[in-house]
Amino acid sequence: MIVAMLETATEDQIQDVTDHLMRMGFAVHRTTGARQSVLAAVGRRIDFDTRDLEVLSGVEKVHRISAPYKLVGRQFRPHDTVIKFSNGVEIGGKEVIVMAGPCSVESREQLFKAAEQVSKAGAKVLRGGAFKPRSSPYTFQGLGLEGLKLLREAGDAHGLLVISEVMEISQIEIMLPYIDILQVGARNMQNFNLLRELGKVRKPVLMKRGIAATIEEMLLSAEYIMSGGNYDVILCERGIRTFETYTRNTLDISAIPIVHKLSHLPITSDPSHGTGLRDKVAPMACASLAAGADALLIEVHPDPDHALSDGAQSLFPEQFEDLMQRLRMIAPAVGRTI
Ligand code: PEP
Ligand code: MN
């Protein structure tokens, strides 16, 4: 950690900060430049808040050098995590895995149609929400247990793994018999009690980036799951809130290579929620693949114009097939298969 002192800091203030750092267990090295003094604090401690130091008299800025997370970082595991499923599918390896399906499970007919369409086009995982986090309490909230059963049936009928969102702790037990990957939604990325419980589960968790979360906060949330002993965590960039209003969210594609540099965990891109607009999904999916995404999560509906949720960002099945063709052309150019 580096503590930059103000130009106006007195010798007493510098000594006070030095003593404070030493009491925290750091070895302190001081450099005095032409303008200001800088203290380099060296040690293993990570369980502190840099703001506690920034409020000390004479301090200008504190920069943390060592990352605040451990298990999700490359220092802990230098090689990429590859999550293996019993049917041979791997997430985090050379093959880019496409997860596709409707935003919500609406009916048997809708889901079976979607499963058939996405599996025919080459998806390996069927998505569909059974418990839905909706912005309005008056909109469709999901079919619950019935939706989970339909997902399992439709997935099995078409050789697909299934992913669905878990919104609260009490749903974990209900979901485990039916679901292969538990999805944590953007709104729950900092529901730390839920994350801790998912740390006890022995099934992969796909955790989405929060609507206003930094990459570091996303990695720290993944650390909650891993610190409970569940190392099968898949991260997901799904767009963040910015000042831009043209798209529903701003898909932060740069998060993909940044996460790959900092962490060994696989990262998915969700261009559906990332843009909110059907015609922007394919270009952003292609860009995500080129940027290094290990998986793509894409909303596809047999009849998007009548979808009960997220119809405007759901692809028509033919559009999904086209997109898969394009992805197959791009993958080899970036050393991947699909
Ligand atoms: C979803 O995947 O349908 C969903 C609700 O996503 P998010 O949590 O990213 O909004
Ligand atoms: Mn959705």
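Author: Before we start, a word on classes: Ala, Val, Leu, Ile, Met, Phe, Trp, Tyr, Cys and Pro count as nonpolar, Asp, Glu, Lys and Arg as charged, and the others, Gly among them, as polar. This is a predicted model, where local features need pLDDT of at least 70 and side-chain atom pairs count only at pLDDT 80 or more, while totals for chains, interfaces and linings use all residues. Residues are numbered from 1 along each chain as its sequence is written, chains are lettered from A and ligands numbered from 1 in the order in which they are written, and side-chain values use heavy atoms, with hydrogens and water left out.

Reader: OK, so what's the shell around ligand 1 like, by class?

Author: It has 7 charged residues, 3 polar and 3 nonpolar.

Reader: And which of the 13 come nearest?

Author: Those are Arg127, Ala186, Arg187, Lys208 and Arg238. A residue is near a molecule or strand if one of its heavy atoms lies within 4 Å of it.

Reader: How far is arginine 127's polar side-chain atom from an oxygen of the ligand?

Author: That distance is 2.9 Å. Lysine 208 also has a side-chain N or O atom 2.9 Å from an oxygen atom of ligand 1. A polar contact is a pair of N or O atoms within 3.5 Å; within protein, one must be able to donate a hydrogen and the other to accept it, and residues adjacent in sequence count only if both atoms are side-chain atoms.

Reader: Switching topic: which strands close into a barrel?

Author: There are 8, in the order 7-8-9-10-11-12-13-14, with parallel pairing. Strands (E, at least two residues) and helices (H or I, at least four) are DSSP runs numbered from the N terminus, and two strands pair if DSSP finds at least two bridges between them.

Reader: How many bridges for strands 13 and 14?

Author: Strand 13 (residues 267-269) and strand 14 (residues 295-299) have 2. In that pairing, threonine 268 stands opposite alanine 295.

Reader: What about the open sheet, what's its order?

Author: Its 4 strands run 2-3-1-4, paired antiparallel. Strand 2 (27-32) and strand 4 are at the edges with a single partner strand each, so one side of each has no neighbour in the sheet.

Reader: Which residue is opposite threonine 31?

Author: Valine 38, in strand 3. Strands 2 and 3 (the latter residues 37-42) are joined by 6 bridges.
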